[in-house]
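Biologist: Please take a close look at a single part, the interface between domains, and walk me through it step by step. I am new to this, so please explain each term as you use it.

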Amino acid sequence: MEILASIVQSLEEGDEETVSELTREALGQGLKARDILDKGLIAGMNAVGVKFREHEVFLPDVLLSAKAMNAGMKHLKPHFAKEGVPNIGKVVLGTVHGDLHDIGKNLVSIMLKGAGFDVVDLGKDIIPEAFVDAAVREEAGFLGLSALLTTTMPVMKDVVDLVKKRGLSGKLRVIVGGAPVSEDYARQIGADLYAFDAASAVDRLKAAVGR
Ligand code: B1M
């Protein structure tokens, strides 16, 4: 079986050790980090998501797959986060309150750092006040919000509203993303920017700082 398919399969099985080994091996074979991520780790996680929705696998299985994904991502991280890239802007990033999904947000963080952004990652389950306080404290130009649940998407609006209430609109721009979030939704809640995935988050933010 080709190595990317093996990564998908091991990730579905939640086999952390094998995913880690295969990811390292794939890099050794000269495969691009981006391909290993998209066609191996993300493809595997998507397959797990489908099985989870269809009740073929359950939460503990998904957690094992998530751990396996992180084990693979550890090897890819240095390939995305090039050292010595000049700092082109500061982003305070996190997953919104009530939401514990952080794999996609971590990817966004890695890719932004790789593109030269200074990223302050607050983690997950972050309340609106904590987002805005951190952005002010860090003198960040951007707030990056991630949500994976339809039930936590409204927290993004709370953050946008708080940015406005504190008179920070324009100075502090909000970028939102995550599987259930759309360009339309971003517009509806008054967010400044939307990105479909980590790569487009880099593109959107680079464009916003004129790069
Ligand atoms: Co949960 N989960 N989960 N889960 N989980 C989903 C999201 C779900 C779609 C699964 C399903 O039903 N098919 C579903 C949500 C349904 C909905 O709201 N419509 C769901 C559910 C229901 C739940 C629970 C409620 C289950 C329960 O308890 N009954 C529970 C909620 C817990 C909570 O958050 N309060 C729950 C728990 C969990 C785990 C803890 C087990 C685990 C998370 C582990 C972790 O993150 N550390 C988990 C996982 C892993 C998933 C799936 C399977 C995979 C998510 C993932 O990591 N994808 C997911 C199904 C799926 O999405 N296929 C599912 C890989 C990742 C790379 O993609 O996060 O989409 P993603 O990130 C992308 C883009 O979205 C984008 O870029 C990333 C990649 O380029 N992006 C941004 C993300 N943030 C961005 C920010 C940006 C820009 C782009 O700018 C700032």
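**Where domain 1 meets domain 2**

Modeller: Across the interface of domain 1 and domain 2 there are zero salt bridges, a salt bridge being a side-chain nitrogen of Lys or Arg within 4 Å of a carboxyl oxygen of Asp or Glu. This is a predicted model, in which local features need pLDDT of at least 70 and side-chain atom pairs count only at pLDDT 80 or more, while totals for chains, interfaces and linings use all residues. Residues are numbered from 1 along each chain as its sequence is written, and side-chain values use heavy atoms, with hydrogens and water left out.

The domain assignment of the protein chain gives domain 1 as 2-83 and domain 2 as 90-208, with bounds that come from an automatic or database domain assignment. Taken over C-alpha atoms, the centres of domain 1 and domain 2 are 25 Å apart. The contact, which means heavy atoms within 4.5 Å, takes 12 residues from domain 1 and seven residues from domain 2.

About 840 Å² of area is buried between domain 1 and domain 2, and carbon and sulfur atoms give 76% of it; buried area is the accessible area (1.4 Å probe) that two parts lose on being put together, summed over both. Of the area that domain 1 buries against domain 2, 47% is supplied by R34, M73 and F80, more than by any other three residues.

Polar contacts come next, a polar contact being a pair of N or O atoms within 3.5 Å, where within protein one must be able to donate a hydrogen and the other to accept it, and residues adjacent in sequence count only if both atoms are side-chain atoms. Between domain 1 and domain 2, the count of residue pairs in polar contact (both at pLDDT 80 or more) is zero. On the side of domain 1 that touches domain 2, the elements giving two or more residues are α3 (33-53) and α4 (59-80), where helices are DSSP runs (H or I, at least four residues) numbered from the N terminus. The most comes from α4, with six residues.

Let us return to R34. D38 forms a salt bridge with R34, with the closest N and O atoms 3.1 Å apart. Because D38 and R34 are four residues apart in helix α3, about one helical turn separates them.

Helix α4 also holds H75. A polar contact of 2.9 Å joins the side chains of H75 and S20.
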